[in-house]
Amino acid sequence: MSNILKKIKKANLVGRGGAAYPTYLKWQAVKKEKNFPKYVICNASEGELGLCKDIYILENFPEMVLKGMKIAMDFLGTKYAYFNFNAKYYELVRKRLDPMIKKHGDKGYVLRVFKEKPSYIGGEETALLNAIEGQRVEPRLKPPYPSEKGLFCQPTLIHNVETLFNIAKVEEGTYDVKRFMSVCGKVKNPGVFYFHENYTIEKVLHESKNYPDFDFFVQVGGSASGPVFNMEQIKEKIVTGAGSIEIYDKKMDVKKLLSKWFDFYANESCGKCTPCREGTFQLAKLVKDNKKVPWKEIMEILDTLDKTAFCALGGGVSVGVRSYLENVVCNS
Amino acid sequence: MKITINNKKYRCKENESVLEIAIRNNIFIPHFCFHEDLKVDANCRTCLVENCLDKKIVTSCTLKARKGLKVGTDSEEVKKLRKINLELLLSKHKKFCSRCKKGDYCKVFEIMKKYKILGDKYEPKKIVDKIHKMGSAAEFDPKACIACNKCVEMCEKIGICYLKLKGKGAETRISYNEDPNIDCIYCGQCTVHCPVGAIREQSHLEEVEKALKDKNKIVIAQMAPSVRASIGEEFGLEPGINLEKKLYTAFRKLGFDKIFDVNMGADITTMVEARELVERIKNGGVLPMFTSCCPGWVKFVEFYYPEMIDYLTTSRSPQIHSGGAYKTWWAEKEKVDPKKIVVISFMPCTSKKYEAKNPDLKVNGMNPVDFVLTTRELAVLLKRHNIDLPKLKDGEVDKFGEYSGAAAIYGASGGVMESALRTACYLITGKNLKKLDFNEVRGMKGVKIADIKIGKKILKVAVVGQPIPSTEKIIAKRIEALYKIDKKMKMREAHKNEVVREFLEYTEKLTEKKKAEILERGYCRRGKGE
């Protein structure tokens, strides 16, 4: 095993885009493929609600992200990489980033910037590949996985911004098991914080001076697809997924909460599969058209999404609702 | 290898999908986005089955056969989830389906009945896009689209890329490419693959019904070679059963005054095309010469490769030839007013509708063919009139519909060229060929090439396969039926067809200009939508 791969494995690096897949496994999978060229992609799509840590990293540590990409390219023996940028993000960082990309270009690294129309589905690896290729933005059938047949059918390594940042830290020997956390919602001091990944959510809220003085619940790891926890649970739970914490007032209107989630999904569904394309639209409509929340009809569609949606994004629609019912409604 | 479906074992190949195995064994699993010739898209999520080992629900189109696999197609969980997805997918189908609206037979409605789907549990998002017409051949209605993507994949497979999905979420629906350099060639393959009739032929059914009721009109039916070999499938028969004689009876029942056959026109086309080929060979004309029977191919050349126009034969196509013959020679012979004649073609292909409406092909100011019905429209017409085709007695074609075996094989890929070769050989050498079958240019291969010896000359010929309507297997069976007809016929060469000989003699007496108007055509560079 190469030196850098050993270090990554030892550091237990996992993907910070939300899926927490072990980084070294991803690397091995792309490494063993025989086809060249291989591609490295930095995913700066950040289309999930409640997240802003990737743009924070890009604004403050772009050189670390590029360094992470270079390490990955060297490991795979390739010179080709893409930045998949949320188009809004690119405008914010291009002034600092472009000269760095040029500098790498002078050394023979071909780094291309792809500006993606901001979208949630962009977080799905294969949908992102389609977007860069100019295809309709929707997930591909797996297998083949991107490690085998990714961008333009070539082996491809896709990493979230923070994962690449961490790779650079591991290489430098400065990785200290911290993660970036976006805190938002009904808080006094919203923003991005950098804490040890094992901090409980409660500790994060205290240390970031965001612990509310009212009864609340939180949604963690993404404000659309993340689970909801109550005040008791956050004493134990740590930050997961893509690293966000959103604070909601416990008195928040249920319909407002459901509409926030369902409207987001109805707008962001790529339209590929029936339960997500039509189901999320019906979910949003069911909340809007009824005075009382029609739980039976809603759960029926959520169940269908869980079990029959094409990709994980459709399968994730129910997570917030179910955990809210279990942890907040049933617990009060 | 074997897998278990609903507690019964079925033989299969490794890696075959469960859906394919089920289809082959007549186990019905609803599916809308799967087609065996297209890549698996897995978007409709209705072909659900339960994996009996882990109780997981999976789509059978993506579930590959492996040792020990056991699935159930009707567990309570499958039923519940399938029903929701069918309700979501088919909400308001009846409101938007052109067949359901008229009370015609609709496969989707049959599925809805089977699974007790009412289609009004959910109110779908309002789509404002209007019906879009592709020339005078096909059309799509975004409101009826279920975004299964089959038409888009088919259009891509053919290499045109005119169709595409537009919008996201509940607004996802069929649309078209606005690039001025990309245009539909009216091949109609999208209409064959649309599971819900959102993309369909531009219907001529109502016009045909009207003409049949009009006592002042002389309504002529003429059928293309392949229709007789494929219509049976619409009535649940195996592919490749020749129902020609039953169709002749059906046309009489429907009220047609005369029953002719596009095959007679095919013999005219063979004669005209063979004469041109001989002339090009003798006088050093432009070679190779391409056939022009397929209006989709012609539009493809005229739009994408106008520099190749000179390679196309200037011969008209069979339905236009025979239609022109009825409205000139036959009308004079029968002493009827050609304006009273209504020619209705039954064709396998949507693009023939476009050809029929082409103003450049008029004869004496009239369209040689008035209306074209596709095989599927013919099936709808027969079902509307409660005509159970397979049960009918055999009938006969009227005299001027007689044809040769060379005409019958027009419906097979490569058949037109084979027919022309038989007659060209005769025209060059003055002798009939001993061996009439050109096996080198038959079959389902994409490109077929051969050297054909004609007298002292060697002619290099090639056949490029058509895109794939239905499935390759079904097509092969239909074609087999056509070669069988040819083989059995006494008259197997176009130049032996007496009706055609008489008609061509008639044209020899006309002015050159008039003769050309009936037999030949020109081409031009065409713009988008033309």
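**Notebook: chains A and B**

I started with the chain pair: 23 residues of chain A are in contact with 23 residues of chain B. Contact here means that the C-beta atoms of two residues, placed from the backbone, lie within 7 Å. Note to self: this is a predicted model, where local features need pLDDT of at least 70, side-chain atom pairs count only at pLDDT 80 or more, and totals for chains, interfaces and linings use all residues. Residues are numbered from 1 along each chain as its sequence is written, while chains are lettered from A and ligands numbered from 1 in the order in which they are written.

**Chain A side of the interface**

I looked up which elements give two or more residues to the side of chain A that touches chain B, and got α9 (254-268), α10 (274-289) and α11 (295-308). Helices are DSSP runs of H or I with at least four residues, strands are E runs of at least two, and both are numbered from the N terminus. The largest share of this side is from α10(A), with eight residues. By class I noted eight nonpolar, nine polar and six charged residues. Nonpolar covers Ala, Val, Leu, Ile, Met, Phe, Trp, Tyr, Cys and Pro; charged covers Asp, Glu, Lys and Arg; the others, Gly among them, are polar.

**Domains of chain A**

Next I pulled the domain assignment of chain A: domain 1 (3-172), domain 2 (178-249) and domain 3 (254-322). Such bounds come from an automatic or database domain assignment. Domains 2 and 3 of chain A have their C-alpha centres 24 Å apart, and seven residues of domain 2 of chain A contact seven of domain 3 of chain A. On the domain 2 side of that contact I found four nonpolar, three polar and no charged residues.

**Domains of chain B**

For chain B, I have domain 1 (2-89), domain 2 (125-201) and domain 3 (217-245 + 256-519). The C-alpha centres of domains 1 and 2 of chain B are 27 Å apart. Nine residues from each of these two domains make up their contact. The domain 1 side splits into five nonpolar, two polar and two charged residues.

**His159(A)**

Is His159(A) buried or exposed? His159(A) counts as buried because 26 C-beta neighbours sit inside 10 Å; the cut-offs are 20 or more other C-beta atoms within 10 Å for buried, 12 or fewer for exposed, and partly exposed in between, with C-beta atoms placed from the backbone. I found His159(A) in strand β4 (residues 156-160) of chain A. Leaving out residues up to four places away in sequence, His159(A) touches Gly15(A), Cys42(A), Asn43(A) and Leu164(A). I also checked Leu58(A): 101 residues from His159(A) in sequence, 14 Å in space, C-alpha to C-alpha.
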